[in-house]
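Dear colleague,

Please find below the structure that I am handing over to you. I should be grateful if you would look through it before reading my notes.

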Amino acid sequence: MRLPAMSNFVNSTCRCILLIGVLLIAASRSLAQQPGETIHVAVYEGDGVSRTVTEVLKDLQTDDTIEVARISTDQILKDELGSFEVIMFAGGSGSKQANSLGADGREKVRRFVRDGGGYVGICAGAYLASADYDWSLNILDAKVLDRKHWARGFGDVELSVHSTGRDSLALPAERTTVYYHQGPLLAPAGKPELDDYEEWASFATEVTKDGVPGGVMSGKTAIAAGRFGAGRVLAISPHPERTAGLDSVVPAAVHWAAQQADRSDLVIFQQGDLPIVISAPHGGTLRFPGVEARKGEGLKGGGAGFRALRDGGTEELALEVARQLAARMNGKPSFTISRVHRRYIDFNRPANIAVESEKTRVVYDQYHAELDAAVRAVREKHPTGLLIDIHGQGASASTVFRGTKNGLTVSGIKSQGGEQYVTGSKSLLAFLKGRGWKVHPDPFDGKEQSGYTGGYIVQTYGSHQPHGIDAIQLEFGADYRKAAVRVRVAQELADSIAEYFEHLQSLKPKLK
Ligand SMILES: [Zn+2]
């Protein structure tokens, strides 16, 4: 069955709730779904979806800002999810739905969510979202309790609804009665690669059936909200669509899930307390919702001009370096890391080259506002500070290039400590070389490689500027950016930065 686009009714209020990852300091405005814009929802159609999906479709029809279509595994494999903001999996059998998606279809759904799509799963769809079965999607950090008795019965249960659940899902009260039909009892799975979910409601009562032990269901998570990559995931164990008076819950769930791509998703920040700032402008993979890729018409290419290729692996490397620094030094570094693909924004260029739309300009400005704030905070609170701008280059896989405009962006270090701190035995590159890295220029000689002498970020925030700090661009060859070596590279870089810093801190500040 394929449904045509639907429309009627009133816009339900949609609230933007930010789920904040451990490392992420979130900004607060959402760019993706503006009030009044249509949300396109794909409701999965395939084996394992029960006939009660019609109740889901009926509820979605009550909202004229939501347009619904059914989507099959075939269509998912043909990348047709790309024209939707949210995918929904209704009740039925989670394992059958997983099976009918197949491994490739499941991977497509995971990618859709990771890249900013919303996911709403009801009952079977909540099992599917979990991280508990070899067939589950692993997009929600939830395990399923008492799996053995999953067929625990059906009937009305009471939910204890927390305030975010009430606000986001239009659930009427702290205690809400809802129809339940063998949905999962969820609990945190504690998987390190997934963000913790937020519990929006737990079971306050239970259903019982012969042969199923009581006392398990109460207190367990009934509605869980999480984030996977840039996308939002909502798992609802019971059936609001089969409960009289809860017709607005499913549309509200879709509105919440469609609120992807907050600025906090496209660019991630941390305001730390160490005098170290990490920047990584070119590693992102995410599409920018509702914006075409940059074309660069009329712009020069190459060097300081228009480029759209990303520096693969640098987003992850920068995050790992930040973690490693926090593990070594007494505090946390600040960082500003792009997750959005360079096709849309080039944060290491002036605005006239960096962006081609109003929407992307807002995010570009945010990146630089955060970087500027971090640099200023270091300047105010510390005698010395260091900005490391992390990039990738394709010229030499085994080499790391330094870019400081041949010493200009580290003018502070130079005037305080002399040349040995920039190019000599006490320079950052000397400490990297000491750990077996191939660096250029070799610490003791030479000019920086043409084309890698330091871009817009180190030129804007370097210590030659009135409000800058010492800034070094590092351009990593492919050998340093592979997943297999990431932790080691990050450890060695963090060790080198920490060592360099000990030397820097012994210098008497002559600046300021
Ligand atoms: Zn770059």
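The notes below describe what was found, going from the domains to single residues.

Please keep in mind throughout that this is a predicted model.

Domains

The protein chain is divided into two parts: domain 1 covers 39-147, 184-202 and 219-260, while domain 2 covers 264-505. Their C-alpha centres are 38 Å apart. Four residues of domain 1 and five residues of domain 2 make up the contact. On the domain 1 side, the touching residues comprise one nonpolar, two polar and one charged.

The sheet

Strands of a sheet are held in pairs by backbone hydrogen bonds, in either a parallel or an antiparallel arrangement. Here, seven strands form an open sheet with mixed pairing, in the order β12-β14-β13-β15-β18-β16-β17. Its edges are β12 (267-270) and β17 (438-440), each of which pairs on one side only. From one strand to the next, the twist averages 15 degrees.

At one of these edges, β12 pairs with β14 (residues 334-338) in the antiparallel sense, over four bridges. Within this pair, Val267 is placed opposite Ser338 of β14.

Two helices

Helix α8 (residues 314-328) lies across five strands of the sheet, namely β12, β13 (276-280), β14, β15 (386-392) and β18 (470-476). Its direction makes an angle of about 165 degrees with β13.

Helix α6 (residues 249-258) is mostly covered, with ten of its ten residues buried. Among them are Val249, Pro251, His255 and Trp256.

Backbone details

Which two residues does a cis peptide bond join? They are His440 and Pro441, and omega is about 0 degrees. Pro441 belongs to the loop between β17 and α13 (456-461).

Two residues other than glycine have a positive phi. For Gln182, the value is near 65 degrees, and this residue sits in the loop between β7 (175-181) and β8 (186-188). For Asn406, phi is about 50 degrees, and its place is the loop between β16 (399-403) and α11 (411-417).

Are these residues buried or exposed? A residue counts as buried from 20 other C-beta atoms within 10 Å, and as exposed at 12 or fewer. Gln182 has 19 such neighbours, so it is partly exposed. Asn406 is likewise partly exposed, because 16 other C-beta atoms lie within 10 Å of its own.

Yours sincerely,

A colleague

Definitions and conventions. Residues are numbered from 1 along each chain as its sequence is written. This is a predicted model: local features need pLDDT of at least 70, side-chain atom pairs count only at pLDDT 80 or more; totals for chains, interfaces and linings use all residues. Two strands pair if DSSP finds at least two bridges between them. Axes are lines fitted to C-alpha atoms, for helices over the stretch in contact, and angles run from 0 to 180 degrees between N-to-C directions. Two residues are in contact if their C-beta atoms, placed from the backbone, lie within 7 Å. Domain bounds come from an automatic or database domain assignment. Ala, Val, Leu, Ile, Met, Phe, Trp, Tyr, Cys and Pro count as nonpolar, Asp, Glu, Lys and Arg as charged, and the others, Gly among them, as polar.
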